[in-house]
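Please walk through this protein chain with the sequence and the model side by side. The route goes from the overall layout to single residues.

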Amino acid sequence: MRIEDAIQERFKCSKCGGHTCHTKEVAMTGTGLSKLLDIQHNHYLFVSCGTCGYVEIYNPKILEGKSRGQLGTVLDILFG
């Protein structure tokens, strides 16, 4: 299961309690040489609530580093 799918299945907005969300992966440059050469090595998942628009940002490398069993636990902690 993809991380985005797991987030959408378990999503609960921490602000309004809504259960629908939209995810978007965003890549950004760092500083120094990577900025100069436009190397986008910083990747993040932006998760916005479909009800109120509140946005939370996650590092997918950290979430992907968890085993499948631990991923569910991490998402349960994040989304209640």
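What follows is a tour of the fold, the core, the hairpin, the charged network and the cysteines.

Keep in mind that this is a predicted model. The chain has 80 residues, and 26% of them are buried. Its secondary structure comes to four helices and three strands. Along the sequence these elements run α-β-α-β-β-α-α. Distant parts of the sequence do meet. Among contacts with a separation of 6 or more, 40% join residues 24 or more positions apart. The chain exposes about 5,400 Å². Carbon and sulfur atoms supply 53% of that area.

Start inside. The largest nonpolar core has 10 residues. Ile 3, Ile 7 and Phe 11 belong to it, and so do Cys 13 and Cys 21. Leu 45, Val 47, Cys 49, Tyr 58 and Leu 63 complete the set. Which elements supply at least two residues each? Helix H1, residues 3-10, is one, and strand S2, residues 42-49, is the other. S2 gives the most, with three residues.

One core member repays a separate look. Cys 13 touches Gly 18, Cys 49, Cys 52 and Tyr 54, leaving out residues up to four places away in sequence. Cys 49 is itself a member of the core.

Now follow S2 into its partner. S2 and S3 pair in the antiparallel sense, over four bridges. Two of the facing pairs can be named. Ser 48 stands opposite Val 55 in S3. Phe 46 has Ile 57 of S3 as its bridge partner. The two strands form a hairpin with five residues between them. Gly 53 sits in the turn and has a positive phi of about 85 degrees.

Strand S3 spans residues 55-58. Which of its residues are covered, and which are uncovered? Glu 56 and Tyr 58 make up the covered face. Val 55 and Ile 57 make up the uncovered one. The general rule explains such a split, because side chains in a regular strand alternate between the two faces of the sheet. Tyr 58, on the covered face, is also part of the largest nonpolar core.

Stay with the hairpin loop for one more residue. Gly 50 is found between S2 and S3. Is Gly 50 buried or partly exposed? Gly 50 counts as partly exposed because its relative accessibility is 38%. Gly 50 touches Thr 20, Cys 21 and His 22, with residues up to four places away in sequence not counted. Thr 23 lies 27 residues from Gly 50 along the chain, and their C-alpha atoms are separated by 10.0 Å.

Turn next to the charged side chains. The structure holds two salt bridges. Arg 2 takes part in one with Glu 4, at 3.8 Å from N to O. The side chain of Arg 2 also meets that of Asp 5, at 3.5 Å from N to O. Arg 2, Glu 4 and Asp 5 are thus linked in a network.

The two acidic residues fall into separate accessibility classes. Glu 4 counts as buried because its relative accessibility is 18%, and the cut-off is under 20%. Asp 5 reaches 31%, so it counts as partly exposed. Glu 4 lies in helix H1. Beyond neighbours within four places in sequence, Glu 4 is in contact with Thr 23, Glu 25 and Leu 45. Of these contacts, Leu 45 is a member of the largest nonpolar core.

End with the cysteines. How many disulfides does a search of the whole structure find? The search finds zero. Cys 16 is in no disulfide, and its nearest cysteine sulfur, that of Cys 49, is 3.7 Å away. For Cys 52, the closest cysteine sulfur is in Cys 16. Why is there no bond between them? The two sulfurs are 3.8 Å apart, which is too far for a bond, as a disulfide needs them within 2.5 Å. Both residues are partly open to the surroundings by the accessibility count. Cys 16 counts as partly exposed because its relative accessibility is 40%. Cys 52 counts as partly exposed too, at 41%.

Key:
Residues numbered from 1 in each chain as written. Predicted model: local features only at pLDDT ≥ 70, side-chain atom pairs only at ≥ 80, totals over all residues. Heavy atoms only, no water. Core = buried A, V, L, I, M, F, W, Y, C linked by side-chain atoms within 4.5 Å. Buried < 20%, exposed > 50% of the residue type's maximum accessible area, 1.4 Å probe, protein only. Contact = heavy atoms within 4.5 Å. Pairing = 2+ DSSP bridges. Areas by Shrake-Rupley, 256 points an atom, 1.4 Å probe, with all protein chains shown as cover. Salt bridge = Lys/Arg side-chain N within 4 Å of Asp/Glu carboxyl O.
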